[in-house]
Amino acid sequence: MKYSTQVYNKAEKEMNRRRVTAQDTAQHHLDAFYAACPEAQDLRWRIASTASRAARAALRGAPAHKMIESLKEENLSLQKQFNDLLAAHNLTRADIEPQYTCKKCEDTGYIDGHMCSCYRTLLQQIAYENLNSISPLTLSSFEDFSLKYYSDVSVDGKRSDRETMRIIFDYCRHYADTFNSNSGNLFFTGATGLGKTHLSLAIAAEAIKKGFGVVYGNAITFAVALERERFAQSEDSNGDTLSLLNTCELLIMDDLGVEASSNYVTSTIYSVIDTRIITKKPTIISSNLSLQELEKRYGARLASRMVGFYDRMVFCGKDVRMQRKLNSRIDTPHS
Ligand SMILES: [Zn+2]
């Protein structure tokens with residue numbers, strides 16, 4: 001995956017910070033140890049000297065064999081004395097050696113010229129953070145979702161709003177509990193304020209807890225970012241949004257249909273939805289528009305893709321946000 005220079009710069013800075021912090025901390029401990037125990041520093045020099053003498057002897061080949069053996073022994077005995085001094089000061093090797101975040105690449109980001117997995121993870125994380133920072137991921141939970149705002153009155157023997165919402169809630173809870181890279185796609189439809197965003201965010205929170213890379217955002221935010229990157233003058237700001245929308249492990253697109261429509265945005269959103277279906281990446285879309293209205297706006301292709309590949313949930317009831325506000329006013333009359 002390709003990232004913008006900005007993402008690479010930020011990642012490199014972070015790798016440097018990790019490496020320097022690990023080295024500085026170790027050096028700091030070592031300096032304090034030598035100050036308290038000067039003979040340890042002397043031992044260290046002698047250890048270094050046996051090592052370099054052994055290396056020189058090795059260059060001379062076979063006749064030096066005996067000498068190398070004795071230097072090795074001397075080295076081991078000095079090491080032991082050094083470790084004993086450390087122990088006497090309640091320290092271990094780990095205290096005076098850099099404790100890198102990644103032991104494999106020692107926080108350099110590369111192993112034999114190949115990018116280390118820690119660096120790849122960091123790049124992805126920064127790109128997610130960049131995207132999610134423009135649409136802050138204020139997470140909701142399943143626990144604070146209340147069914148009491150939905151009417152339990154059944155009309156003409158039909159399911160009450162509360163019963164319908166209980167089914168949707170249970171479905172979402174199960175989806176979140178079992179979320180994995182093979183999970184299906186969800187389409188939440190219904191009027192404003194019925195809990196679509198709340199449940200999407202509750203799912204996002206669970207997926208993030210499991211370590212999945214989640215991109216959450218309003219369709220407006222995505223549209224603005226896509227347009228901006230399309231017209232960006234410098235190559236530096238290219239690419240992050242579109243490639244993240246296409247490749248993130250869970251995409252949650254809120255409020256589809258409220259973004260300003262341009263041919264570019266409409267066709268890009270279609271292509272993101274289509275790409276994710278083809279590559280089998282879980283997506284949750286919520287919209288105040290019905291499927292018919294989405295069809296009018298994005299065309300029959302998108303609507304038919306969504307019918308075929310999304311589980312549709314029709315939210316019902318009366319504006320919960322409004323009721324909550326009213327309730328909180330009644331509950332706390334002095335505020
Ligand atoms: Zn690494």
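This short talk walks through a predicted model, from its zinc site to its salt bridges, helix packing and a few single residues.

Hi everyone, and thanks for coming. Please keep in mind as we go that what you have in front of you is a predicted model.

Let's begin with the metal. Which residues hold the zinc ion? Four cysteines do the job: Cys102, Cys105, Cys116 and Cys118 each coordinate the zinc ion through SG, at 2.2 to 2.3 Å. The angles among the 4 donor atoms run from 102 to 114°, and the site is tetrahedral. If you follow the sequence with your finger, you will find the donor residues spaced as C-x2-C-x10-C-x1-C. Now look at where two of these donors sit. Cysteine 102 is in the loop between helix H4 (93-96) and strand S1 (110-111), while cysteine 118 belongs to helix H5 (residues 117-133), so this pair ties together parts that are 16 residues apart in sequence. Are these two cysteines buried or exposed? Cysteine 102 and cysteine 118 are both buried.

While we are in that loop, two of its residues deserve a look at their backbone. As background, most residues other than glycine have a negative phi. Glutamate 106, in the loop between H4 and S1, has a positive phi near 50°. Aspartate 107 lies in the loop between H4 and S1 as well, and its phi is also positive, at about 60°, although it is not a glycine. Their surroundings can be told apart by accessibility. Glutamate 106 is partly exposed, with a relative accessible area of 43%, whereas aspartate 107 is buried, at 0%.

On to charges. Side chains of opposite charge can pair when their charged atoms come close. How many salt bridges does the structure hold? There are 11 salt bridges, and I'd like to show you a few.

Take arginine 173 and glutamate 143, whose closest N and O atoms are 3.2 Å apart. Arginine 173 is part of helix H6 (residues 161-177) and glutamate 143 is in the loop between H5 and H6, so the salt bridge ties together parts that are 30 residues apart in sequence. Arginine 173 is partly exposed, at 23% relative accessible area, and glutamate 143 counts as exposed, at 61%.

Staying in helix H6, we meet arginine 166, which forms a salt bridge with glutamate 163; here the closest N and O atoms are 3.6 Å apart. These two residues are 3 apart in helix H6, so about one helical turn separates them. Both ends can be described as partly exposed: arginine 166 has 36% relative accessibility, and glutamate 163 has 34%.

My next pair is arginine 297 and glutamate 259, with the closest N and O atoms 4.0 Å apart. This pair links distant parts of the chain, 38 residues apart: arginine 297 is in helix H11 (residues 291-298), and glutamate 259 is in the loop between strand S5 (250-254) and helix H10 (263-278). Arginine 297 is partly exposed, at 28% relative accessible area, but glutamate 259 is buried, at 2%. Before we leave charges, notice that Glu14, Arg17 and Arg18 are linked in a network of salt bridges.

Now for how some helices pack. H6, which we have just visited, comes back here with helix H7 (residues 196-209): their axes come within 9 Å and cross at roughly 20°. That angle makes H6 roughly parallel to H7, and their crossing is right-handed. For the other pair, turn to helix H8 (residues 219-231) and H10, which pack at an angle of about 110° with their axes 10 Å apart. H8 is therefore roughly perpendicular to H10. The crossing of H8 and H10 is right-handed too.

I'll finish with two residues and their partners in space. Phenylalanine 169 lies in helix H6 and is buried, with a relative accessible area of 14%. Where is leucine 147 relative to phenylalanine 169? The two are 22 residues apart in sequence and 8.9 Å apart in space, C-alpha to C-alpha. Over in helix H2 (residues 38-60) you can find alanine 55, which is partly exposed, at 45%. Alanine 55 and leucine 71 are 16 residues apart in sequence, with a C-alpha to C-alpha distance of 9.9 Å.

That's my tour. Thanks for listening!

Key. Residues are numbered from 1 along each chain as its sequence is written. This is a predicted model: local features need pLDDT of at least 70, side-chain atom pairs count only at pLDDT 80 or more; totals for chains, interfaces and linings use all residues. Side-chain values use heavy atoms; hydrogens and water are left out. Donors are N, O and S atoms within 2.8 Å of the metal (3.2 Å for Na, K and Ca); water is not among the atoms, so sites may look incomplete. Four donors count as tetrahedral if all angles lie between 85 and 135 degrees; four count as square planar and six as octahedral if opposite donors are over 155 degrees apart and all others between 65 and 115; anything else is irregular. Helices (H or I, at least four residues) and strands (E, at least two) are DSSP runs, numbered from the N terminus. Buried means under 20% relative accessible area, exposed over 50%, partly exposed in between (1.4 Å probe, protein chains only). A salt bridge is a side-chain nitrogen of Lys or Arg within 4 Å of a carboxyl oxygen of Asp or Glu. Axes are lines fitted to C-alpha atoms, for helices over the stretch in contact, and angles run from 0 to 180 degrees between N-to-C directions. Angles under 35 degrees count as roughly parallel, over 145 as roughly antiparallel, 65 to 115 as roughly perpendicular and the rest as oblique. A crossing is left-handed if the near helix is turned anticlockwise from the far one by less than a right angle, and right-handed if clockwise.
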